[in-house]
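Reader: I'd like to look closely at one part of this model, starting from a single side chain and working outwards. Could you take me through it in one connected answer?

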Amino acid sequence: MSDRAYAAAVRNMKRWVMRHSDAGPPVYGLRIRNLGAEVEAMQSVVYNRSALVFAMLTEILGEKEVFRRLRTVLDKKRYQDLTSSQFIAAMSKGSPRLKRFFTAWIYTRRLPRLTVASRFAGNAVSVDLTQDADFVFPLRVEVSTRDGISLHPVVMETKRLHLSWREKSRVRKVKVKAGYTPVVFN
């Protein structure tokens with residue numbers, strides 16, 4: 001799959017998730033269908049949202065760490081049933097941040113709403129992020145300068161986050177990108 005096709009698939013998954021998030025949280029699984037939701041809603045919540053959760057987790061922890069944790073879960077639970085809560089506990093490894101991450105994305109139907117205020121002058125950049133919920137999610141701040149584009153990964157872990165730094169050259173544009181995160185920008 002080309003990079004362009006992959007990006008389009010991710011955009012479509014996010015649109016489906018945003019359109020059907022009210023059908024229920026992913027932890028409901030196939031029960032979402034019993035609540036009267038159509039197949040597309042169930043697929044959006046159970047499969048698409050869950051896939052995006054893994055992609056976000058990989059952005060937060062890194063691919064090697066996610067695979068290491070998955071391997072540990074598989075080694076310990078081989079040929080055994082594994083509930084959502086057991087999986088989350090094993091993947092979180094006692095981290096309050098990761099427990100909050102999974103709780104918001106797996107046990108609720110909500111999606112975060114994000115307000116962004118960015119300012120720049122010369123080579124100074126300031127970005128204020130405010131969310132309406134208690135989600136943990138990755139973002140990227142894309143800064144265009146006369147020398148090119150720089151990407152700054154950020155993990156939103158609080159209601160409000162203030163970022164400021166200096167680029168090497170004059171800033172032309174600042175944009176916050178959600179990547180895999182199905183977030184509603186205010």
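What is the relative accessible area of Ser84, and does that value make the residue buried, partly exposed or exposed?

Author: Happy to! Ser84 has a relative accessible area of 34%, so it counts as partly exposed (buried is under 20% relative accessible area, exposed is over 50%, and partly exposed lies in between, with a 1.4 Å probe and protein chains only). Before going further, please keep in mind that this is a predicted model, in which local features need pLDDT of at least 70, side-chain atom pairs count only at pLDDT 80 or more, and totals for chains, interfaces and linings use all residues. Residues are numbered from 1 along each chain as its sequence is written, and side-chain values use heavy atoms, with hydrogens and water left out.

Confidence comes next. The mean pLDDT (the predictor's confidence in each residue, from 0 to 100) is 93 for the protein, and 99% of its residues reach 70 or more. Among the elements, strand 2 (residues 124-131) has the highest mean pLDDT, 98, and helix 2 (residues 31-34) the lowest, 79.

Now back to your residue. Ser84 sits in helix 5 (helices are DSSP runs of H or I with at least four residues, strands are runs of E with at least two, and both are numbered from the N terminus). Leaving aside residues up to four places away in sequence, Ser84 touches Val27 and Tyr107, where a contact means heavy atoms within 4.5 Å. The C-alpha atoms of Ser84 and Ile106 are separated by 8.8 Å, although these residues are 22 apart along the chain.

Ser84 and Ile106 are also both among the residues that line the second largest pocket, together with Pro26, Val27, Gly29, Val46, Ser50, Val53, Phe54, Phe87, Ile88 and Phe102. A pocket here is an open set of points on a 1 Å grid over the protein atoms alone, where a 1.4 Å probe fits and protein lies on both sides within 12 Å along at least five of seven lines; lining residues have an atom within 4 Å of a point. The volume is about 200 Å³, taken as the space filled by probe spheres set on the points, which are joined across faces, edges and corners.

Helix 3 (39-61), helix 5 (84-92) and helix 6 (96-107) each give at least two residues to this lining, and helix 3 has the largest share, with 4. By class, the lining has 9 nonpolar residues, 3 polar ones and no charged ones. Ala, Val, Leu, Ile, Met, Phe, Trp, Tyr, Cys and Pro count as nonpolar, Asp, Glu, Lys and Arg as charged, and the others, Gly among them, as polar.

The largest pocket makes a useful comparison. Its volume is about 410 Å³, and the residues closest to its centre, out of 13 in the lining, are Ala7, Val10, Arg11, Arg140 and Gly179. Helix 1 (3-20) and strand 3 (137-145) are the elements that give two or more residues to this lining, and helix 1 gives the most, 7. Here the classes are 5 nonpolar, 1 polar and 7 charged.

The loops on either side of helix 5 are worth a look too. Most residues other than glycine have a negative phi. Tyr79, in the loop between helix 4 (63-77) and helix 5, has a positive phi of about 65 degrees; at 81% relative accessibility, this residue is exposed. Lys93, in the loop between helix 5 and helix 6, has a positive phi of about 50 degrees and is partly exposed at 42%.

Helix 6 also holds Ala104, which is buried at 8% relative accessibility. Beyond residues up to four places away in sequence, Ala104 touches Arg49, Asp134 and Phe135. The C-alpha atoms of Ala104 and Asp134 lie 7.1 Å apart, with their positions 30 residues apart along the chain counted as separation.

Finally, the wider setting: the protein has 6 helices and 7 strands, in the order α-α-α-α-α-α-β-β-β-β-β-β-β. Buried residues make up 39% of its 186 residues.
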